[in-house]
Amino acid sequence: QVQLVESGGGLVQAGGSLRLSCAASGRTSYAMGWFRQAPGKEREFVAVIMWSAGSIYYAEYVDSVKGRFTISRDNAKNTVYLQMNRLKPEDTAVYYCAASRTLSRRAATYDYWGQGTQVTVSS
């Protein structure tokens with residue numbers, strides 16, 4: 001089985017930055033994604049990156065975070081990161097990392113999930 005542990009959430013002012021980490025253990029997945037969920041809202045895709053031992057990778061982002069968020073990975077540590085810059089109050093949510101066999105924007109295609117880390121952006 002795969003276990004995922006997120007960290008790095010916190011409280012920041014609008015315009016600030018946070019870096020989330022997702023440490024994976026167990027079988028390496030093909031892709032790692034970030035999702036977020038705010039109270040009363042559906043779980044939303046944020047970003048995904050293909051898990052690769054090489055330098056070649058593929059990444060996608062939801063339109064609302066393009067130019068502000070960057071997903072990256074450290075294969076040696078089996079860790080995926082989400083660098084979040086110029087944060088907005090609407091970015092406030094619990095952020096989850098997830099593992100999938102394929103690149104996807106759909107939560108239903110992800111087999112393993114972390115416990116989530118809270119990100120709160122004050123206005």
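Contact here means heavy atoms within 4.5 Å. In this predicted model, residues 24 or more positions apart account for 54% of the protein chain's contacts that have a separation of 6 or more.

**Overall architecture**

The protein chain holds eleven strands and zero helices. Read from the N terminus, the order of elements is β-β-β-β-β-β-β-β-β-β-β. Along the principal axes, the C-alpha atoms occupy a box of roughly 40 × 30 × 25 Å. The radius of gyration of the protein chain is 13 Å, which agrees with the value near 14 Å that a compact globule of 123 residues would have.

Of the 123 residues in the protein chain, 44% are buried. The exposed area of the protein chain is about 6,500 Å², and 48% of this area is supplied by carbon and sulfur atoms. The protein chain carries 14 positive and 9 negative charges, and the mean positions of the two sets lie 4 Å apart.

**The disulfide**

How many disulfides does a search of the whole structure find? The search finds one. A disulfide is a covalent bond between the sulfur atoms of two cysteines. In this model the partners are Cys22 and Cys97, with an S to S distance of 2.0 Å. The link of Cys22 and Cys97 is right-handed, with 60° about the S-S bond. Cys22 belongs to strand 3 (residues 18-25) and Cys97 to strand 9 (residues 93-100), so the pair ties together parts that are 75 residues apart in sequence. Cys22 and Cys97 are both buried.

**Ser21 and Thr79**

Ser21 is also placed in strand 3. Leaving aside residues up to four places away in sequence, Ser21 touches Val5, Glu6, Ser7, Trp34, Thr79, Val80 and Tyr81. One of these partners, Thr79, lies in strand 8 (residues 79-84). A contact of Ser21 in strand 3 is thus with a residue of strand 8.

Are Ser21 and Thr79 buried or exposed? Ser21 has a relative accessible area of 17% and is buried. Thr79, with a relative accessible area of 9%, is buried. The cut-off behind both statements is a relative accessible area under 20%. Thr79 and Gln13 are 66 residues apart along the chain, and their C-alpha atoms are separated by 26 Å.

The relative accessible areas given for single residues are collected below.

| Residue | Relative accessible area |
|---|---|
| Thr79 | 9% |
| Ser21 | 17% |
| Asn78 | 17% |

**Loop residues with positive phi**

Most residues other than glycine have a negative phi. Where does Asn78 lie? Asn78 is in the loop between strand 7 (69-74) and strand 8. The phi of Asn78 is near 50°, a positive value in a residue other than glycine. Asn78 is buried, at a relative accessible area of 17%.

Arg86 is in the loop between strand 8 and strand 9. Its phi is near 50°, again positive in a residue other than glycine.

Terms used
Residues numbered from 1 in each chain as written. Predicted model: local features only at pLDDT ≥ 70, side-chain atom pairs only at ≥ 80, totals over all residues. Heavy atoms only, no water. Helix = DSSP H or I, 4+ residues; strand = E, 2+ residues; numbered from the N terminus. Rg over C-alpha atoms; globule rule 2.2 N^0.38 Å. Buried < 20%, exposed > 50% of the residue type's maximum accessible area, 1.4 Å probe, protein only. Areas by Shrake-Rupley, 256 points an atom, 1.4 Å probe, with all protein chains shown as cover. Lys, Arg positive; Asp, Glu negative; His and termini not counted. Charge placed at Lys NZ, Arg CZ, Asp CG, Glu CD. Disulfide = S-S within 2.5 Å.
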